[in-house]
Amino acid sequence: MQTPSNMSDRDPRVLRAGMVGMGMIFDETYRPFFEAVDRRPLYDPAFGVCHAPLVAVATRTGRRAEAYRRHAPGGVGAFHSYEGRDAAARLAASGVDAVCVATPDDRHFEAAQAALAAGRHLLVEKPSVLRLAELDELAALARQQQVLAKVVYHKLLDPDHKRLRTFCVDGVLQHVNNGYCSLLEPKSISGSQFAEWIVGRNPGTYVAVHYIKLIDFTFGLALKRVACTGQRGVVGPADGPTWDSTQLRLVYAHADGREAAFDIHASWVTPDNFPGYVEQEVQFRFDNGVWNGHSRKRGVELTVEGLTPTQLKTTLNNHYNAPVLEPWGERAQRGYGVEVIERFMREVAMVEFGGPPTRRAERLAAAGKLAYNDLAADRQVVAAVEAMEAILARHAAGQPDCTVEVNAPDGGLVLRTPGSEAAEVLYRPQV
Ligand SMILES: NC(=O)c1ccc[n+]([C@@H]2O[C@H](COP(=O)([O-])OP(=O)(O)OC[C@H]3O[C@@H](n4cnc5c(N)ncnc54)[C@H](O)[C@@H]3O)[C@@H](O)[C@H]2O)c1
């Protein structure tokens with residue numbers, strides 16, 4: 001192919017990808033992406049044909065990497081596998097251009113820091129990190145190294161949520177006042193899938209965060225206060241640090257000073273024979289309307305003797321990452337969960353190959369302005385997560401019902417305990 005005159009001359013255009021963590025989310029979204037891009041590379045008139053091979057992976061034991069390699073199709077199994085505690089750092093130091101991090105949420109920071117410090121573009125699973133100080137450090141590293149640092153919130157690409165945001169941006173739905181969201185994961189998640197890293201964790205950080213981001217990105221409000229409570233006793237002891245379910249309340253302010261409040265309920269102890277995989281429901285109430293969304297009941301109901309609702313679900317989410325036989329005979333696994341990863345690779349390809357090298361900084365700045373996935377735009381979400389984590393830790397230590405005030409006179413995140421004058425500043429700068 002001839003290189004247009006405005007394009008980088010780096011040819012062939014290849015983005016060598018590294019993957020840290022090969023668990024459930026790798027299997028559901030990254031694996032289908034790498035398998036699809038192996039068959040059909042990315043193409044855009046601006047950057048031409050761009051390959052994005054998976055050249056290296058890092059996991060704790062290497063077992064999942066070898067299990068996948070055995071049946072990876074095409075050339076996808078030709079990756080180098082790093083294992084052990086420092087696997088992510090060794091992967092970052094190897095010849096990769098972009099690193100995807102899908103380790104448990106309290107292990108994102110180390111791997112992300114290693115990737116950025118080595119000058120690699122970064123894509124990290126939600127929630128990006130658990131503390132604002134960590135977010136600041138990663139954002140500063142990305143600026144220094146002139147690379148992209150992005151986070152995956154695939155629900156922003158759900159067609160229903162795109163429509164909701166379009167109605168808000170176009171003024172069809174006006175001035176959100178309040179709402180609720182629920183996200184209920186099956187017991188198998190806390191009981192077997194995540195059993196290794198579940199101690200001290202909670203389903204709010206794991207899944208409520210999807211809706212924290214949806215609210216943050218869709219409505220563009222300023223976070224003011226965070227409250228949270230929860231229940232224990234199924235996943236771990238009733239007085240321990242591991243949570244079965246959480247109820248989070250976020251209060252925001254509109255630019256005109258009016259407030260909006262949202263309750264987000266999350267659980268990972270829903271029975272495994274629940275008719276859908278994840279219960280995902282929202283209701284948002286506006287000055288002039290109501291949006292009711294149910295991601296599980298989108299219209300399909302399936303019954304198969306001996307298979308539903310365990311191996312197959314009764315109410316399927318065919319929008320997320322459904323394996324399908326395309327009408328033209330090809331097997332594919334497609335949906336917004338895969339699209340969001342492809343989109344990141346396209347953004348990286350645009351930075352590296354979408355024009356002359358002399359204008360790379362402009363292209364990097366343009367990609368960095370995309371608030372839906374840029375790490376620097378994840379501040380309010382990480383603030384809510386950090387507040388929720390601190391409130392739950394206090395609760396587990398015997399002080400329930402603490403609240404966090406955001407951008408208070410005494411700090412950016414201030415934890416207040418009921419019945420006490422004393423306050424703890426979790427994060428000093430403004431959020
Ligand atoms: N986008 C989504 O909707 C979605 C859904 C599920 C999970 N996730 C996110 O993906 C991340 C991983 O979740 P999962 O469901 O795949 O978990 P998992 O437990 O199935 O897999 C975790 C993987 O990380 C690896 N790992 C753990 N510590 C490591 C380390 N220090 N270095 C290298 N590898 C390490 C493990 O070997 C394993 O391969 C979490 O942050 C989670 O929040 C996102």
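Let us begin at the ligand: helix α1 supplies the largest share of the shell around it, namely three residues. Keep in mind as you look that this is a predicted model.

How many residues surround the ligand in total? There are 25 of them, and the closest are Gly-21, Gly-23, Met-24, Ile-25 and Glu-125. If you colour the elements that give two or more residues to this shell, you will pick out α1 (24–39), β5 (54–59) and α3 (87–93). You can also sort the shell by class: 13 of its residues are nonpolar, six are polar and six are charged.

Now step back to the domains. Why does the ligand lie between domain 1 and domain 2? Domain 1 covers 13–155 + 329–368 and domain 2 covers 159–316 + 376–431; both give residues to the shell, so the ligand lies between them.

Next, turn to the strands. Strand β5, which you met in the shell around the ligand, also belongs to an open sheet of six strands. Reading across this sheet, the order is β6-β5-β2-β7-β8-β9, and the pairing is parallel. At the edges you find β6 (80–83) and β9 (149–152), each of which pairs on one side only. On average, neighbouring strands here are turned by 20° against each other, ignoring direction.

Finally, zoom in on one pair from this sheet. Strands β7 (residues 98–101) and β8 (residues 121–125) run parallel and are joined by four bridges. To find your place in this pair, look for Val-101, which stands opposite Val-124 in β8.

Conventions: Residues numbered from 1 in each chain as written. Predicted model: local features only at pLDDT ≥ 70, side-chain atom pairs only at ≥ 80, totals over all residues. Pairing = 2+ DSSP bridges. Axes fitted to C-alpha atoms, helices over the stretch in contact; angles between N-to-C directions. Near = placed C-beta within 6 Å. Nonpolar A, V, L, I, M, F, W, Y, C, P; charged D, E, K, R; others polar. Domains from an automatic or database assignment.
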